[in-house]
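Visitor: I would like a close look at one helix and how it sits in its surroundings. Please start with the overall build, then zoom in.

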Amino acid sequence: MLRRGVAAAVAVIAAAAVTAIATVSAAAPAPAPATAFPEDHRTLTRTISYAEMEAFLKRVDGTAGIEVTAEGRTAEGRTIYLVHASRGKNPSFRVLFYAQQHGDEVAGKDAALYLLREIARRPERLPDGIDLWILPMMNPDGAERGTRRNAAGADLNRDHILLEQPETQALHRVVRRVRPHLAVDCHEFTRDSEERSKRGWIAWPQITMDGLNNPLFDPAVVAAAERWVRESEAPEAAAGHSFLRYSVGGLPPDEEQRHSAPDIDGGLNAVGMYGGLSFIIEAAVRRGPDAPPDDLAKRVDAYLVLLRRFLDETGHRAQDLAAVEASRRRPPPRFVPTNYLWVNPDFTITEFPALELATGRTVRIPTANMMTKLAVKTALPAPRGYAIEPRAAADYALVLERHGIPFETLAAPKTVGAQRCDLLRLEEQFDDLYSRYEGRQIVQCRPAAAQELPAGALWVPLDGEAAVRAALVLEPAALYGVYQYPRFRRHAVTGEALPIVRVTVP
Ligand SMILES: [Zn+2]
């Protein structure tokens, strides 16, 4: 519902390019229609609710090349909506925006809905060459509660390996069906952390972004994503917003910071597994009583700068398209990296911006602890495939199916050359700096030897377009894998062989 007296004129979201303007005076407010959100996103003071989004989507469905479908249903029965918008006859560049995986991170969804409204009113706002897909609210149960997690208590952005939740299953189904050339995962972070204010700073950037970055991804696609990130600063500055490449970690100058995690259990790299450009955007939220009323509006505005660019910026599109198509035809990896980390290879001193609370000035704090490059510490020659013992076959079969990774179940025993890997330990301790280490698996692989795979074992060849995904999900020597999750813990016994073998001679 609209707040009384907020705006003199509000627009009612209307079908097609027709806009009905309802003028509401502060003296005699008409009951606000459930579908209304402010005409101008810069006056938005609270996020668009599930019900408002649903009513809006129903109105725009079938207009201006927009099609709205139900892609899934949550535990509490809400619909996970998918929007498709396309104008040209043969739109060649497929773009996917997905937002609000974390229910309390709202601006990406609001921005996506304003963008969709622009397209509904002026279809020419969507370039001919773009096939646009939007999952505006991936986690409606969390959104309604104002929580990060979904109704089942799951952090959806840590469910991209097992895909146990209907919300993440929906996203991956869409990705496999649409095969986006470019995907964007929309999040937010809390700007005014206690650690910062203790030092007299507030976080500088309004909005941050990073691209996919696992070492198994095609370097050409990773470089294209980094270019998008670099080139986002100027348009954000022109719109009055501060932009920084996304980073996490402690505070400068003494604590370590790094760019987004290379692991695949976050949406950014999980969608990146399918070979396209993939981004995370995080806008800075001011929470609490001191938050200015226009904070959400500013975040939405900053978001719109980036989302619109992904549609409008044609400068590198042909190159990006070619890079993604080539990456999807790449031969299987020759090596599988098992240990990789962020480093500062040249001992570069980075000037890290922060806003000084006392003066409001931007200060630049020098730090040599900003990790800028991903380095591979160890890699193993890629196997020909992976085999899964019958004792774990049912659990793995589900994961393989959900990732669209082809496999076969052996009808009869088969002798192969393979390496077994023993679990040395599973780390229980949680590390705050990395928000990681808990669940890290330390394994040792034995030399390859003849092994009999019993009937009922699963065979997953490392070839075809799913090879990178298979390596990322199955490699037993990877630092993070499925054993961090309760369902798979029982398959990982300290001192014993893991149920996956690396097959070197099929
Ligand atoms: Zn988030």
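Guide: The secondary structure of this predicted model comes to 13 helices and 26 strands. The chain's radius of gyration is 24 Å, and the globule rule gives 23 Å for 506 residues. The two values are close, so the chain is as compact as a globular protein of that length. Along the principal axes, the C-alpha trace spans about 85 × 50 × 40 Å. Buried residues account for 44% of the 506. Take the contacts between residues at least 6 apart in sequence: 76% of them join residues at least 24 apart.

Next, the domains. Domain 1 covers 45–328, domain 2 covers 338–376 and domain 3 covers 383–505. Between domain 1 and domain 3, the C-alpha centres are 31 Å apart. Their contact draws 15 residues from domain 1 and 15 residues from domain 3. On the domain 1 side, helix α4 (residues 166–178) gives the largest share, three residues. That side of domain 1 has six nonpolar, four polar and five charged residues.

Now the close look, at helix α1. This helix runs over residues 50–60. Which of its residues are buried? They are Met53, Phe56, Leu57 and Val60. A residue counts as buried when 20 or more other C-beta atoms lie within 10 Å of its own. Look down the axis of α1: the buried residues fall within an arc of 100 degrees, so they line one face of the helix. The spacing rule helps here. An α-helix has 3.6 residues a turn, so residues three or four places apart point the same way.

What do the buried residues of α1 pack against? Their partners are two strands and a helix: β3 (66–73), β4 (79–86) and α2 (107–121). Just after α1 comes glycine 62, with a positive phi of about 90 degrees.

For contrast, go to the loop between α10 (317–328) and β14 (335–343). Proline 331 is found there. Is proline 331 buried or exposed? It has 7 C-beta neighbours inside 10 Å, so proline 331 counts as exposed; the cut-off for exposed is 12 or fewer. Tryptophan 204 is 127 residues from proline 331 along the chain, and their C-alpha atoms are separated by 42 Å.

Back to α1 to finish. Met53, Phe56, Leu57 and Val60 are its buried residues, they line one face, and they pack against β3, β4 and α2.

Technical notes
Residues are numbered from 1 along each chain as its sequence is written. This is a predicted model: local features need pLDDT of at least 70, side-chain atom pairs count only at pLDDT 80 or more; totals for chains, interfaces and linings use all residues. Domain bounds come from an automatic or database domain assignment. Two residues are in contact if their C-beta atoms, placed from the backbone, lie within 7 Å. Helices (H or I, at least four residues) and strands (E, at least two) are DSSP runs, numbered from the N terminus. Ala, Val, Leu, Ile, Met, Phe, Trp, Tyr, Cys and Pro count as nonpolar, Asp, Glu, Lys and Arg as charged, and the others, Gly among them, as polar. The radius of gyration is taken over C-alpha atoms; the globule rule is 2.2 Å times the number of residues to the power 0.38. The arc is that of the directions from the helix axis to the C-beta atoms.
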